[in-house]
Amino acid sequence: MDDDRTTALRTRGLTKFYGDQRGIEDLDLQVRTEEVYGFLGPNGAGKTTTIRMLLGLIRSTRGDASILGEPLRFGPVGVRADIGYLPGDLALYERMTGEQLLAYVARLRGGVPPSRYRSLSERLALDLSRRVGDLSRGNRQKVGVVQAFMHWPRLLVLDEPTSGLDPLVQKEFQSLVREAVDFGATVFLSSHVLTEVEQLADRVAIVNDGRLVVVDTVDGLRERATKRVELDFPGTPPADLGSAAGVRSVEVRGVTAVCTVAGPVGSLLALAVAHDVVDVHTHDPDLEDAFLGYVAGASR
Amino acid sequence: MNIVQTHEHLGAHRAPEDDAAQTAPSPASPPSGPAQVATIASHTLRERWRSLLVWSLGLVGISAIELAVYPSIQATGQGWQAMLEQWPDALKEAFRLDAYTSGAGFLNTELFSMMFPIMLIAVALGAAAAATAGEEERGTADLLLSLPVVRGHVLTGKAIAMVLGVVVVMAAGAVTIVVGAPLVDLDVGVVEVVAASVMTALLGLLFGCVGLLLGALTGKRAAALGGGIGLAIAAFLLQVLAPMADWLEPWQKVSPFSWALSADPLLNGVDWGDVGLLVAVCALLLAAAALVYHRRDIAGR
Ligand SMILES: Nc1ncnc2c1ncn2[C@@H]1O[C@H](COP(=O)(O)OP(=O)(O)O)[C@@H](O)[C@H]1O
Ligand SMILES: [Mg+2]
């Protein structure tokens, strides 16, 4: 459904070419309000290109988008007041202190009291009195996170937000995201590692090489992810295990058959039982593998 | 609270309440354009004050040195005048030598025909290159332009900071001259010093506007600086060489140096036609810069 109230962000055939170089092509996405949407893909997939088009920093080659009910327009202020943006390759005014920098951004945005960015900084254990140029990469990233969240934006567009943040800070970041969603915000965040977003995202889109590969829920990805099942037999494993439903590959190591399986494992187990299987070990589906599998499948 | 939330759509943020921790105020509308322009200009000046201070001290120093040597020039005045009579007319015109031993003529030759213009062009071009091109090359443009700010307002803020910087640096030189001249018995009118300073500042700003346009067009500091310096050198050569070659003479009027300096403001006061011309060209260059800046892809890092 294409209702402004339920759709925070929508792209139709959104495309960007840099000369002959494809940035992203024919991207169709629909992000619902109050959804956390993961935008995944390896480096060079086109995530930053897409995000910078949404912010009006670069012009689309073709296609269009609507953000918070407004058509994407290049240049004018538009809905940027309602967006919190964390750039992927964050660069800040190095000579300013964190406090000065956030005060500058707050003055350009309007309506952000100092208490707001100070308390956010405190939560992230960010020292605002130090010059940005003297901060570590992780601490600079915190400045970026604070300026993205501080004006209670309706839409957060975060390009690789957790890069450089240590695990403890990542936890705090995740709770910031959840709170923003509780207050009605929508979050669109990119990453090249699925594990960074799987705890947060309701749905993910995977892009590779400038093209959309799949959109699914994290649970859906998990279901479709391949599992590893190891079967121990009394002697040499039977040769026909590969014919069971869902089995993608079989590797024999002595008396053990290591199978990768997509979906239910019943058919494989029935076959194994018929061959007097001695022992069974299964391993949880690895989402990272699923992600990489999609990416590899897409580039084939 | 949660029940209310699920029935509300995204746009309906909860109104501000005292309990700040629990409540997200609805996003404020951004400040007015002029307020944002002022914020950007003052931020830009704060980033550049060191450079402006150094340039100001430079102009103060050079003015003081010239004033200090004036008494000895004047003492040997007759000899100078005799020697300068031998020079070709073209050179005399190029360096404004005709009235060298008068106080104003001396300052005109030593400071306002070349030294000050070059320094103020440098100040303006430095500011111009650091403006939008500098933000793009450093990567801060992504953050700045993601805010609810119109690109034209960013450019305006940068241009205002450039103007203020040039005015401050030029004023440092002018004040030194006005204060110092009586101490060395140099006879020059305050009004004329102001007039010459205004023309010199406008000349610097004109090339600064060229730099802003090139920076807005390319996002490259080197293009803004290089293009501005190249044009300034060409304009200066035209101004200096035109009197020496008949075929070049008519072209002198094309050079902004001639708009600013040919009327000898230090001797004759302000020529409002020249001021108008310089201001109009600056305005055109700025409008063009805003136009191209609006349409361009901002370089990422
Ligand atoms: N300014 C640019 N000029 C040319 N090619 C670019 C430019 N920016 C990005 N690209 C190319 O576009 C593709 C997508 O890049 P990007 O959007 O940065 O990917 P991601 O953010 O997913 O790592 C890459 O092949 C990259 O080399
Ligand atoms: Mg990227």
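In what order do the four strands of the open sheet with antiparallel pairing stand in chain A? The order is 2-1-4-5. I will begin with this sheet, and I should say at once that the model is a predicted one.

Let me go through the pairings of this sheet. Strand 1 of chain A, residues 7–18, runs antiparallel to strand 2 of chain A, and eight bridges join the two. One position to look at is A:Leu9, which stands opposite A:Val31 in strand 2 of chain A. Strand 1 of chain A is also joined to strand 4 of chain A, again antiparallel, by five bridges. There, A:Arg10 has A:Ser66 in strand 4 of chain A as its bridge partner. A:Ser66 in turn has a bridge partner in strand 5 of chain A, namely A:Pro71. Strands 4 and 5 of chain A pair in the antiparallel sense over two bridges. These two strands form a hairpin with two residues between them, and A:Leu68 in the turn has a positive phi of about 50°.

Which strands stand at the edges of this sheet? They are strand 2, residues 21–32, and strand 5, residues 70–71, of chain A; each has a single partner strand, so one side of each is left without a neighbour in the sheet. Helix 1 of chain A, residues 47–54, lies across strands 1, 2 and 4 of chain A. Its direction is at about 115° to strand 1 of chain A.

I turn now to the other sheet in chain A. This is an open sheet of six strands with mixed pairing, in the order 6-7-8-3-9-10. Its edges are strand 6, residues 83–86, and strand 10, residues 211–217, of chain A; each has a single partner strand, and therefore one side of each lacks a neighbour in the sheet. From one strand to the next, the twist averages 15°. Strand 6 of chain A runs parallel to strand 7 of chain A, residues 155–159, and four bridges join them. Within strand 7 of chain A, A:Val157 is the residue that A:Tyr85 stands opposite.

Next, the cavities. The structure holds four of 30 Å³ or more, and the largest has a volume of about 120 Å³. Which residues lie nearest the centre of the largest cavity? Of the 13 residues that line this cavity, they are A:Leu54, A:Leu72, A:Arg73, A:Gly78 and A:Val79. By class, the lining comprises nine nonpolar, one polar and three charged residues.

Finally, confidence. For the complex, the predictor gives an ipTM of 0.85 and a pTM of 0.86. Chain B averages a pLDDT of 87, with 86% of the residues scoring at least 70. Where in chain B is confidence lowest, and where is it highest? It is lowest in helix 1 of chain B, residues 2–7, at a mean of 36, and highest in helix 8 of chain B, residues 151–180, at 97. Over residues 1–22 of chain B the pLDDT is below 50, and this stretch has 37 contacts in the model beyond near neighbours in sequence. Where pLDDT is low, the predicted coordinates should not be read in detail.

Terms used
Residues numbered from 1 in each chain as written. Chains lettered and ligands numbered in written order. Predicted model: local features only at pLDDT ≥ 70, side-chain atom pairs only at ≥ 80, totals over all residues. Heavy atoms only, no water. 1 Å grid on protein atoms, 1.4 Å probe; cavity = no way out; pocket = protein on both sides within 12 Å on 5 of 7 lines; lining within 4 Å. Points joined across faces, edges and corners; volume = space filled by probe spheres on them. Nonpolar A, V, L, I, M, F, W, Y, C, P; charged D, E, K, R; others polar. Pairing = 2+ DSSP bridges. Contact = heavy atoms within 4.5 Å. Axes fitted to C-alpha atoms, helices over the stretch in contact; angles between N-to-C directions. pLDDT = per-residue confidence, 0-100.
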